[in-house]
Amino acid sequence: MDEITWLAVKGGTQAAVSAVHRFGTDAILLADFSAPARGETVCELGTGCGAIALRLCAEGAPAAVHGVDISSDAIALAARGADAFIGTPTPTFAVADWADPASIAPAGSFRRVVCNPPYFPPASGGLSEDAAARRARHEQPDTLRDVCRAAAWLLQFGGRFCLCHRPERLAALLAALTAQGLEPKRLRPVQQTAYTPPWLFLLEARKGGKAGLVWEAPLVLKDADGTPSAEYRRIYGE
């Protein structure tokens, strides 16, 4: 495994990261957007180094948070973060493939599922020779279908699926969600400033929900003078 460093996810809670398995602003924004209600059970698909799962636990609300990833190296990092975590509940992690959701947990095991899926098109950038690493980093033709199918399997009726993606994939994601009985309910674009187009969106869908999508006000990260916005500072605890 590559050299390990530690990065803060919330207050004194830190995740162990490597050059390969790290997290960025999108993960922190998704964790804030998908904060569970008190007592909910949560599964994170493609947890990587476990940053989102650790932050959800640091909020102190969920009954349990379980993260899975296809990479054993990523899960080893996530487990180190869990070992260092002080609080309740402590997240649990396991190696698993979202293409086989029955291997993750029985149907209807969770009230909330969270995922920060791979963004990169299959043929973009340097591709690892390892098939598992390619699948974790690069979107495949079946990625959206499989992750939505996994969420639908794992969620209880009425449960919520929260994820983020790039704006150019919005139409494909909406189609994949509805095909699995996951009704899009909340959509929030993320912009660097009030005058720039979105570079990310945050989306919540509900299993078995009625049609009706609420388009929320943009999450703007910087004020006009280039300083972090009040909401950015709230999310990061600054």
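Start by selecting α2 in this predicted model and colour A51, I52, A53, L54, R55, L56 and C57, which are buried. That makes 7 of the 8 residues of α2, so the helix is largely enclosed by the rest of the structure. Just past the end of α2, click on G60: its phi is positive, about 80 degrees.

Next stop, α3. Run a distance from its first C-alpha to its last and you should get 19 Å for 13 residues, close to the 18 Å expected at 1.5 Å a residue. Now select A74, I75, L77, A78, G81 and A82, which are buried in α3. These residues span an arc of only 160 degrees around the axis, which puts them on the same side of α3. What lies over them? Show β1 (5-10), β2, α2, β4 (64-69) and β5 (92-95), which are among the elements covering the buried residues of α3. Before leaving, zoom in on the start of α3, where a side-chain oxygen of S71 comes to within 3.3 Å of the backbone nitrogen of D73.

Now for the nonpolar interior. In soluble globular proteins, nonpolar side chains tend to be buried together. Which residues touch the most other members of the largest nonpolar core here? Select F23 and L202; they hold that place among its 37 residues. To see where this core draws its residues from, show β2 (13-17), α1 (25-33), α2 (51-58), α3 (72-84), β7 (155-165), β9 (200-207) and α7, each of which gives two or more.

Stay on L202 and bring up its surroundings. Leaving out residues up to four places away in sequence, L202 touches L29, L30, F33, L163, C164, R186, L187, R188, V190 and L219. There is also a second, separate core of 29 residues; pick out I104, C115, F201 and A205, which are among its members.

Move on to α6, residues 170-179, and select L170, L173, A176 and L177, the buried residues of this helix. Look down the axis of α6: its buried residues fall within an arc of 125 degrees, so they line one face of the helix. Turn to the face pointing away from that buried side and you'll find the exposed residues A171 and A179. To see what the buried residues of α6 pack against, display α5 (143-154), β7, β8 (182-191) and β9. After α6 comes G181, another one to click on, with a positive phi near 75 degrees.

Then head for α7, but pause at S229 on the way. This serine sits in the loop between β11 (219-220) and α7 (230-236). Is S229 buried or exposed? Its relative accessible area is 6%, so S229 is buried. Setting aside neighbours within four places in sequence, S229 is in contact with V220, L221, K222 and D223.

Finish inside α7 with Y232 and Y236, which lie 4 residues apart, about one turn of the helix. The structure holds 1 aromatic pair. The rings of Y232 and Y236 have their centres 4.6 Å apart and their planes at 20 degrees, so the pair is stacked. Switch on a surface and compare the two: Y232 counts as buried at 19% relative accessibility, while Y236, at 29%, counts as partly exposed. The cut-off for buried is under 20%, so Y232 falls on the buried side with its 19%.

How values were computed
Residues are numbered from 1 along each chain as its sequence is written. This is a predicted model: local features need pLDDT of at least 70, side-chain atom pairs count only at pLDDT 80 or more; totals for chains, interfaces and linings use all residues. Side-chain values use heavy atoms; hydrogens and water are left out. Buried means under 20% relative accessible area, exposed over 50%, partly exposed in between (1.4 Å probe, protein chains only). Contact means heavy atoms within 4.5 Å. A nonpolar core is a set of buried Ala, Val, Leu, Ile, Met, Phe, Trp, Tyr and Cys residues joined through side-chain atoms within 4.5 Å. The expected span of a helix is 1.5 Å times one less than its number of residues. The arc is that of the directions from the helix axis to the C-beta atoms. A polar contact is a pair of N or O atoms within 3.5 Å; within protein, one must be able to donate a hydrogen and the other to accept it, and residues adjacent in sequence count only if both atoms are side-chain atoms. Rings of Phe, Tyr and Trp (its six-membered ring) pair if their centres lie within 6.5 Å; planes under 30 degrees apart count as stacked, over 60 as edge-to-face and the rest as tilted.
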